[in-house]
Amino acid sequence: MEQTLISMDWQAMAPEWTVAAGAALLLLLDLLAKRSVSRAWIGALALLTVFVSGGFLLAQAGEPATQILEGSYRADSFALAFKALMLTGTALVILLSFVMGKEELENREGEYWYLLLFALLGGMMMASSTDLVTLFVGLELLSISSYILVGVRRKHPASTEAAWKYVVLGGVGSAFTLYGMSFLYGISGSTDLFTIQQMVPEALYNGSEGLVWLSLALMIVGFGFKISSVPFHMWTPDVYQGAATPVTVFLAVVSKAAAFALIIRVLLIGYLQLWMIREAFETVNWMLMILAAASMLVGSAAALRQTDAKRLLAYSSIAQAGFLLVPLVSVKQGIGTTLLPSLFFYLAVYVLMTAGAFAVTERVTAEAETGDIRAFAGLGRRRPWLAFIMSVLLLSLAGLPPAAGFLGKFYLMTGVIFAGEYWLAVVMVAATVASYYYYFAFIRQMYFRSSGPEEIKERRAWPAVVVGGICAIGVLILGLWPDLLLEPMNVIDWVQAITPVSSSVMEP
């Protein structure tokens, strides 16, 4: 039956409508309120919007998958899980953003809050889209909002430079993605990923094989820019260092989670037939393994030489992007049983440990008025609880028990070994061992260096402590009781992500 706008089940988009309405309302309130009035209350409304959207998301949990807009937009278990991750990350970013005062945002408090919501809306659209047009609209809404957020502090030269680099290189990444999508449309005559899935085998056997591979290669380049994988990572250290720390956290956790949702949708729906052909599967697998290994090795090697805390964590996030790519190479072991659960578990842990580490770093470096890692010297005596929180987060990033990062890496490595890719497991071990050196550099400064900064500038501290504390407690709880997250993930029907809503569910 033909769908009309009135007959569609718009409740499927309730979480997105909430965020869109919240952002529009904040924009109006910012326009109408006097310039002399503080916009901190707008931040509180932004946080309330995220919680209300999360409430609608919880109400959809366990419901059958639904789709609207001729199947281009869907609410399934995969989309709900990734949206929950993005909402959690955005709530942490908003909490951390309360550390930024009117002066730091240069009277752009109102713009900052609703741009965060628009960026979140773009990420949520990417998680639910199964059409190239809606995927790209979501991607650009997220990207353009992020470009402005990076440059929101116009009087900071580092922020302006970071915004300029991010616009140029982010635009290059988007161009590669769009160029790859155009070839895919030319091959199939459709922008629907499920239709493309049916047309790709025909293209492979009618002489258009080169165009299929060209479209895949172009999109992998574009995706590489978005997740900061090597060799498309060059923008990451400068942008992470130049942006305000809450914006850096947003790029490192929310934007990256949205990018992985996009990658999984496109690769496992549009190119699913490539995974079924042995020779093609081997080629795709090697492309992904090389990206993953290069990201782990280059990110870890570059981090060893860093003395600036934010740049060190930026290179660390490049190495973590390599770890997050690893589950994609174990896809042949079964999509529902290994790929998505292990990827989602590590992504959830990554969101907590990265957001927490950047939050503590923001507090310590701002008080010391230097980004050098030596700002952490003597923190164990000055702020024992803050040093403890940072230690827990660093142990998790390094993959040591009892933090959840250990179990996350263990699940990833198990998948790789079962897939028979032993050399990639060796690379993971090497990158993990190398990471001990730069993560423990923070711990050396905190507990074994006595000379702290001579002058400590008092500033609003509670946002960073709250965010860091929540994240440290989260990684400890998931490290000690992983079933709290694993059991809900085992209930989720992950195969819904790659099957049409009307078709029977595929067995993993």
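This briefing goes through the spaces, ring contacts and backbone features of the structure above. The model is a predicted one, and the points below are grouped by topic. In outline, the structure has a largest pocket with a volume of about 700 Å³, it holds 6 cavities of 30 Å³ or more, and a search of the whole of it finds 21 aromatic pairs.

**The largest pocket**

- The largest pocket, with its volume of about 700 Å³, is lined by 27 residues, and those closest to its centre are Ala81, Ala84, Phe344, Leu485 and Pro488.
- Several helices take part in this lining, since at least two residues each are supplied by helix H2 (40–60), helix H3 (77–97), helix H14 (335–368), helix H19 (462–480) and helix H20 (483–491).
- Among the contributors to the lining of the largest pocket, H3 gives the most, with 6 residues.
- Sorted by class, the lining of the largest pocket consists of 19 nonpolar, 6 polar and 2 charged residues.

**The cavities**

- The largest cavity has a volume of about 120 Å³, and the residues that line it include Leu139, Ser143, Tyr147, Tyr166, Lys226 and Trp235.
- Helix H5 (132–150), helix H6 (157–188) and H8 each supply at least two residues of the lining of the largest cavity, and H5 gives the most to it, with 5 residues.
- The lining of the largest cavity divides by class into 7 nonpolar, 4 polar and 1 charged.
- The second largest cavity encloses about 70 Å³ of space, and among the residues that line it are Ile220, Phe223, Gly224, Ser229, Leu288 and Leu325.
- For the second largest cavity, H8, helix H10 (245–270) and helix H12 (278–303) each supply at least two lining residues, with H8 giving the most, at 4 residues.
- The lining of the second largest cavity has 8 nonpolar and 2 polar residues, but no charged residues.

**Aromatic rings and charges**

- Of the aromatic pairs, of which the whole structure has 21, one is formed by Trp235 and Tyr240, whose ring centres are 6.2 Å apart and whose planes meet at 75°, so this pair is edge-to-face.
- Both partners in that pair are buried, because Trp235 has a relative accessible area of 5% and Tyr240 one of 0%, while the cut-off for buried is under 20%.
- Another pair is that of Phe345 and Tyr411, with ring centres 5.4 Å apart and planes at 75°, so it too is edge-to-face.
- This second pair links distant parts of the chain, as Phe345 belongs to helix H14 and Tyr411 to helix H17 (residues 404–418), with their positions 66 residues apart.
- Phe345 is buried at 0% relative accessibility, whereas Tyr411 is partly exposed, with a relative accessible area of 25%.
- Trp235 and Tyr240 also belong, together with Tyr147, Tyr166 and Phe358, to one aromatic cluster, and Tyr147, Tyr166 and Trp235 are among the residues lining the largest cavity.
- Charged groups are found over rings as well: the charged end of Lys409 sits over the ring of Phe323, 4.5 Å from its centre, and Arg444 lies over the face of Tyr437, at 5.2 Å from the ring centre.

**Backbone features in loops**

- The peptide bond from Val230 to Pro231 is cis, with omega near 10°, and Pro231 is placed in the loop between helix H8 (209–227) and helix H9 (236–242).
- Ser228 lies in the loop between H8 and H9, and its phi is near 65°, a positive value in a residue other than glycine.
- Ser228 counts as buried, because its relative accessibility is 1%.
- A cis peptide bond also joins Pro401 and Pro402, with omega about 5°, and Pro402 lies in the loop between helix H16 (384–398) and H17.
- Glu369, which is not a glycine, nevertheless has a positive phi of about 55°, and its place is in the loop between H14 and helix H15 (379–382).
- Glu369 is exposed, with a relative accessible area of 57%.

**A buried polar contact**

- Ser128 is part of helix H4 (residues 109–128), and this residue is buried, with a relative accessible area of 0%.
- The side chains of Ser128 and Lys83 are joined by a polar contact of 2.8 Å.

Note on methods. Residues numbered from 1 in each chain as written. Predicted model: local features only at pLDDT ≥ 70, side-chain atom pairs only at ≥ 80, totals over all residues. Heavy atoms only, no water. 1 Å grid on protein atoms, 1.4 Å probe; cavity = no way out; pocket = protein on both sides within 12 Å on 5 of 7 lines; lining within 4 Å. Points joined across faces, edges and corners; volume = space filled by probe spheres on them. Nonpolar A, V, L, I, M, F, W, Y, C, P; charged D, E, K, R; others polar. Phe/Tyr/Trp six-rings, centres within 6.5 Å; stacked < 30°, edge-to-face > 60°. Buried < 20%, exposed > 50% of the residue type's maximum accessible area, 1.4 Å probe, protein only. Lys NZ or Arg CZ within 6 Å of the ring centre and 35° of its normal. Polar contact = N/O pair within 3.5 Å; in protein donor to acceptor, adjacent residues only side chain to side chain.
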